[in-house]
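Please open the model in your viewer and keep the sequence panel beside it, since this tour moves from one selection to the next. At each stop you will be told what to select and what is to be found there.

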Amino acid sequence: MKYAYFLGCITPNRYPGIEASTRKVFDAFGIECVEVPGASCCPAPGVFGSFDLKTWLAIGGRNIAIAEEQNCDIMLTCNGCYGTLQEANHLLQENPHLVEMINEILAEEGHQYKGEIQVKHCVEILHNEVGLDTIKEHITKPLDGIKVAVHYGCHFLKPSEVRGQGSSERPRMVDELVNVTGAESVDYKDKIVCCGAGGGVRTRELEKSLLFTLDKVNNANAVGADCLLDICAFCHLQMDVGQTELTGKFGKELDNIPVLFYTQLLGLAMGFTPDELGINMHQIPMSDKILKI
Amino acid sequence: MEFVDEIIETGGPILGSEHMETLRVCMQCGKCTGGCPSGRLTAIRTRKMILSALLNMRDEVLSSDELWLCTTCYTCYERCPRNVKVTDITRTIRNIAGREGYLAKSHRMAASYVIKTGHGVPINDAVKESRKKLGLSEIPPTTHAYKDALKGIQTLAKKTKFDELIDFDWETMNLKE
């Protein structure tokens, strides 16, 4: 199995631990990750889609076209990137006039969108292609006793008619991926509610966007979760950096809760060290309970 | 042109006319506002915004700060009993607001980073160090590492007139003003 790893912005430029842990875990399952040379910002669906849909589609189409040149499907680690590239691919595959429009724009750089590949989220590949049974065979340090508050984020699931990941109200995929590590995915209030970062709200209205995050943190703490777990680099930033902004810049009181990306949690259960997975590079320190796994 | 028609004609070429036409069938039940995570915490009222659009209150809708409080979580889109594509209508209204000069400086700034570096969130020295420690390439294999690819993004931004939309100055490689 081979995938073109589309990095986006926040994964490589803010949370390289997400990139390192994903590469390590995929390598352990024998999945090759090739580069998407010269890829750019996806660009973010709620932000650039809100500025100019044509530019958004053209840059998205360009990124897909470069991946097509590597002859394999796209894998990615951010719901924003997934939202844009999966939706752009869907729109382009359904509408020949859009392909014509963006290929005219891409011609100067020598790229051409063909519509021959799929865009997949890393957890989708782990769940549907590697499979829970194979993952279980690779668990050397089961995460017994760790309670995990799963945060799906919005653009992995919605709009469900385009994403095709099943129920957007009661998803199961990531909970199953957590439980197979030996950890326990716990229910908490407003589990499927947004982190607050998307749609340009974090950029334009930081304090308001962090109100979502404050609720997330309090709701996860209320059920005794040991960590928040995400599958999106942007949610990850909002929930990790956001806690320090809430207590620092905005003087809110909260109990810090560590934030992990799924492949970091899985990496721990597969025997990688916290340093190899970049877990100690987060703003909110890991608890001893997690570090002693 | 009526504002409703303008919204449908603006979003139609990219998102599909049928998709955008759903705006007309809103029955004002309020399920969008009821489920809106932002509406719990901020002043955004999705039902009211759709009503204002249907009543052709163009200036009020385009100039409102509330328009920019949607996180594009798609909860309204998923739950709408009439299948109104609310989030995509919101994105389209924002496209029109942008053309009318209502893009916030912070948003234009984020957009300018993409023209300057290819990334909305560019790398910094601390992260370069972290990448090395993790055994990753110091510079990721993106527009950061490929100068020709960055030129490709800049050409693209000129072609779609994205540079003009955000008032980008090619002399200073920054926002105008």
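**Chain B as a whole**

Begin by selecting chain B, which is divided into domain 1, covering 3-99, and domain 2, covering 105-175. Bear in mind throughout that what you are looking at is a predicted model. If you colour the two domains of chain B separately, you can place a marker at the centre of each, taken over C-alpha atoms, and the two centres will be 30 Å apart.

Now switch to a cartoon view of chain B, where the secondary structure comes to 12 helices and 2 strands. Following the sequence, you pass along the pattern α-α-α-α-α-α-α-α-α-α-α-α-β-β. The C-alpha atoms of chain B fill a box of roughly 55 × 35 × 30 Å when the principal axes are used. Of the 177 residues in chain B, 54% are buried. Among the contacts in chain B with a separation of 6 or more, 60% are between residues 24 or more positions apart.

**Where chain B meets chain A**

Next, show chain A as well, and select the residues on either side of the contact, to which chain B gives 65 residues and chain A gives 73 residues. The area buried between chain B and chain A is about 5700 Å², and carbon and sulfur atoms give 63% of that area. To see where chain B loses the most area to chain A, pick out B:I14, B:R91 and B:L134, which together give 12% of what that side buries.

Turn then to the charged pairs, for the count between chain B and chain A is 8 salt bridges. One of the salt bridges to display joins B:K159 to A:E108, with 3.5 Å between the closest N and O atoms. Across the same interface of chain B and chain A, 32 residue pairs are in polar contact, both residues being at pLDDT 80 or more.

Which elements give two or more residues to the side of chain B that touches chain A? Select α1 (3-15), α4 (37-41), α7 (75-79), α8 (86-99), α9 (105-117), α10 (125-133), α11 (147-159) and α12 (162-165) of chain B. The most is given by α11(B), with 7 residues. If you colour this side of chain B by class, you will find 31 nonpolar, 21 polar and 13 charged residues.

**A stop at B:H119**

Centre the view on B:H119, which is found in the loop between α9 and α10 of chain B. Is B:H119 buried or exposed? It counts as buried, because its relative accessibility is 0%.

Displaying its surroundings shows residues of both chains, for B:H119 touches A:G8, A:C9, A:N13, A:A39, A:S40 and A:C41, together with B:Y113, B:V114, B:T142, B:T143 and B:H144, when residues up to four places away in sequence are not counted. One of these neighbours deserves a distance label, since the side chains of B:H119 and B:T142 are joined by a polar contact of 2.8 Å. For a sense of scale, draw a line from B:H119 to B:L54, which are 65 residues apart in sequence and 36 Å apart in space, C-alpha to C-alpha.

**Loops of chain A**

Move now to A:D73, in the loop between α4 (53-68) and β3 (74-76) of chain A. The side chain of A:D73 reaches the backbone nitrogen of A:Q118 at 2.9 Å. Leaving aside neighbours within four places in sequence, A:D73 is in contact with A:Y3, A:A4, A:I117, A:Q118 and A:K120.

**Backbone details to finish**

Most residues other than glycine have a negative phi, and most peptide bonds are trans. The last selections depart from this pattern.

- Select A:N71, in the loop between α4 and β3 of chain A, where phi is positive at about 60° although the residue is not a glycine. A:N71 counts as exposed, because its relative accessibility is 67%.
- Select B:K161, in the loop between α11 and α12 of chain B, where phi is near 65°. With a relative accessible area of 48%, B:K161 is partly exposed.
- Select A:C42 and A:P43, which are joined by a cis peptide bond with omega of about 0°; A:P43 has its place in the loop between β2 (32-34) and α3 (48-51) of chain A.
- Select A:K158 and A:P159, also joined by a cis peptide bond, with omega of about 0°; A:P159 is in the loop between β5 (147-151) and α9 (160-163) of chain A.

Methods: Residues numbered from 1 in each chain as written. Chains lettered and ligands numbered in written order. Predicted model: local features only at pLDDT ≥ 70, side-chain atom pairs only at ≥ 80, totals over all residues. Heavy atoms only, no water. Contact = heavy atoms within 4.5 Å. Buried area = accessible area lost by both parts, 1.4 Å probe. Salt bridge = Lys/Arg side-chain N within 4 Å of Asp/Glu carboxyl O. Polar contact = N/O pair within 3.5 Å; in protein donor to acceptor, adjacent residues only side chain to side chain. Helix = DSSP H or I, 4+ residues; strand = E, 2+ residues; numbered from the N terminus. Nonpolar A, V, L, I, M, F, W, Y, C, P; charged D, E, K, R; others polar. Buried < 20%, exposed > 50% of the residue type's maximum accessible area, 1.4 Å probe, protein only. Domains from an automatic or database assignment.
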